Amino acid sequence: MKNYKIINGVILSFRGDALVTEKKTLYIREGKISFSPFTDSEQYETVDAGHMLVMPGLINMHTHAYMTMMRNYADDVPFQDWLFNRVMPVEDNLPVEAAYWTSMLGFLEMITTGTTCFVDMHMYHRQSALAAKEAGIRAYIGRGLVGEDLFGDGYSRYKQALEEMEEFRSDTMDFILSPHAIYTCSEKLLGQTAEAAREKGMLKQIHLSESVTEVEDCLKNHGKTPVAYLYDMGFLDEKTILAHCVQMRENDMELIRDSGASVVTNVASNAKLGNGIAPLCQMKDLGINVCIGTDGAASNNTLNMFREMGLLSLMHKAHARDCLAIPSDYIVKAAILHASRALKNPAIGNIEEGSAADLVFVDLNAPSLFPNNNIVSSLCYSANGSEVDSVMINGTFVMRKHELLTIDRERVYYEIEKIVKNHL
Ligand SMILES: [Zn+2]
């Protein structure tokens, strides 16, 4: 593994909850960040990061990478119709092998727009794991679980999830138990999943309170909100990641806070599918750990975290009619630091001694960012992702000066065109 000395860059890091930007030299040893210089006997390459911001990689906390080939395929369609009549029929017919390429297409967009780590959920987890390994992107792979009984009709999926974990778990890949939603999983299966996660020390994620229909059905079927339903069965804890949480009622947010679970907000997907706006200001004020996800490209329609960050701040300022509602530094923390907290992985999400070298080099001379009056604000209000010049993950460059080093873009496009032609 190559060592690097990164000079002349402006480094963005977190000290506690504060954001700091300063000129500093970084030494990347064996994939880890250090501030102590190389000795005479150590070999390294010098990287000139002049006019660059060197920041910890963005972490996309909720996506379905394989869906990227469905970008702009079923737009302007109501949520239930979109999911059950447009997306699911494609999934039923997609050959499993195709998901390798459709996932790779997602990673291509993630890397070129500064995402170094993502949390995935779907049924093509093995293909995503293979592609993520090849692309060198940090991954939390989740096999979507549905059904009545984790050890009955849901068992083959659960077994697969554990087998893949055994096969692929590495420095840059981990696994997360992923019951799909309360309306596709029985109470029994949800309880079993929570127990299995605790037993195995695994993280778990679920889509929750995404639409009004989901909340109304839950009130009708269980006499309580989706959040209360999960809280009462003991599903929520510090290793639980809740995607969406748009339609919150009564004391849902207090229950989430008390449980220590993290929330992933997906502002573009929720807006586009007409599901509403999550109560981000209240969640922030309550001290809930909120992270950011793009959701899949079929409902967003991009995996670009910079776009998501800008939109998230603007939408909530407009919604709250308060320009101070969600400041830019909160957004940057949510996209990086809060994610590492939710994933219980302090080795990522910061630039500090010993952390993994997941670094994004942002060109501060890009027309959209110049002049650099406020770098943190610019990441939220000005950046569009095209300013990402180079990306390093776990100490290895996966993109350098806009050139992808682990993904063959032409081959990916060729394969995707074939898949789209035959399966959409
Ligand atoms: Zn989702």
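These questions and answers walk through a predicted model of one protein chain.

Q: What makes the radius of gyration of the protein chain agree with that of a compact globule?
A: Start with the rule: 2.2 Å times the number of residues to the power 0.38. With 424 residues, that puts a compact globule near 22 Å, and the protein chain has 21 Å, so the two agree. For a feel of the outline, the C-alpha trace spans about 65 × 45 × 40 Å along its principal axes. Packed into that are 15 helices and 20 strands.

Q: Which stretches of the protein chain make up domain 1 and domain 2?
A: The domain assignment puts 4-56 + 347-404 in domain 1 and 58-342 in domain 2. Their centres, taken over C-alpha atoms, are 28 Å apart.

Q: How do you know which residues of domain 1 and domain 2 are in contact?
A: The test is whether the C-beta atoms of two residues lie within 7 Å. On that basis, 24 residues of domain 1 are in contact with 30 residues of domain 2. On the domain 1 side, the elements giving two or more residues are helix 14 (375-381), strand 18 (388-393) and strand 19 (396-400). Helix 14 gives the most, with five residues.

Q: What classes of residue does the side of domain 1 that touches domain 2 have?
A: That side has 16 nonpolar, seven polar and one charged residues.

Q: Why are helix 3 and helix 4 called roughly parallel?
A: Look at the angle. Helix 3 (residues 125-135) and helix 4 (residues 155-168) pack at about 15°, with axes 10 Å apart. Angles under 35 degrees count as roughly parallel, and helix 3 and helix 4 therefore earn that label. Their crossing is right-handed.

Q: Which residues meet where helix 3 packs on helix 4?
A: From helix 3 come His125, Arg126, Ala129 and Lys133, and they meet Ala161, Glu164 and Phe168 in helix 4. Sorted by class, the contact holds three nonpolar, one polar and three charged residues.

Q: What makes helix 2 and helix 3 oblique or parallel to each other?
A: Helix 2 (residues 98-112) packs against helix 3 at an angle of about 45°, with the axes 8 Å apart. That angle makes helix 2 oblique to helix 3, because roughly parallel is kept for angles under 35 degrees and roughly perpendicular starts at 65. The crossing of helix 2 and helix 3 is right-handed.

Q: Which residues make the contact of helix 2 with helix 3, and what are their classes?
A: Helix 2 brings Ala99, Tyr100, Ser103, Met104, Phe107 and Ile111, while helix 3 brings Gln127, Ser128, Leu130, Ala131, Ala132 and Ala135. Nine of these residues are nonpolar, three are polar and none is charged.

Q: Where does the model have cis peptide bonds?
A: One joins Asn300 and Asn301, with omega about 15°. Asn301 sits in the loop between strand 16 (290-292) and helix 11 (305-320). Another cis bond runs from Phe370 to Pro371, with omega near -5°. Pro371 is in the loop between strand 17 (359-363) and helix 14.

Q: What is the phi of Cys245, and where is Cys245 found?
A: Phi of Cys245 is near 50°, a positive value in a residue other than glycine. You'll find Cys245 in the loop between strand 14 (240-244) and helix 8 (252-259).

How values were computed: Residues are numbered from 1 along each chain as its sequence is written. This is a predicted model: local features need pLDDT of at least 70, side-chain atom pairs count only at pLDDT 80 or more; totals for chains, interfaces and linings use all residues. Domain bounds come from an automatic or database domain assignment. Helices (H or I, at least four residues) and strands (E, at least two) are DSSP runs, numbered from the N terminus. Ala, Val, Leu, Ile, Met, Phe, Trp, Tyr, Cys and Pro count as nonpolar, Asp, Glu, Lys and Arg as charged, and the others, Gly among them, as polar. Axes are lines fitted to C-alpha atoms, for helices over the stretch in contact, and angles run from 0 to 180 degrees between N-to-C directions. Angles under 35 degrees count as roughly parallel, over 145 as roughly antiparallel, 65 to 115 as roughly perpendicular and the rest as oblique. A crossing is left-handed if the near helix is turned anticlockwise from the far one by less than a right angle, and right-handed if clockwise.
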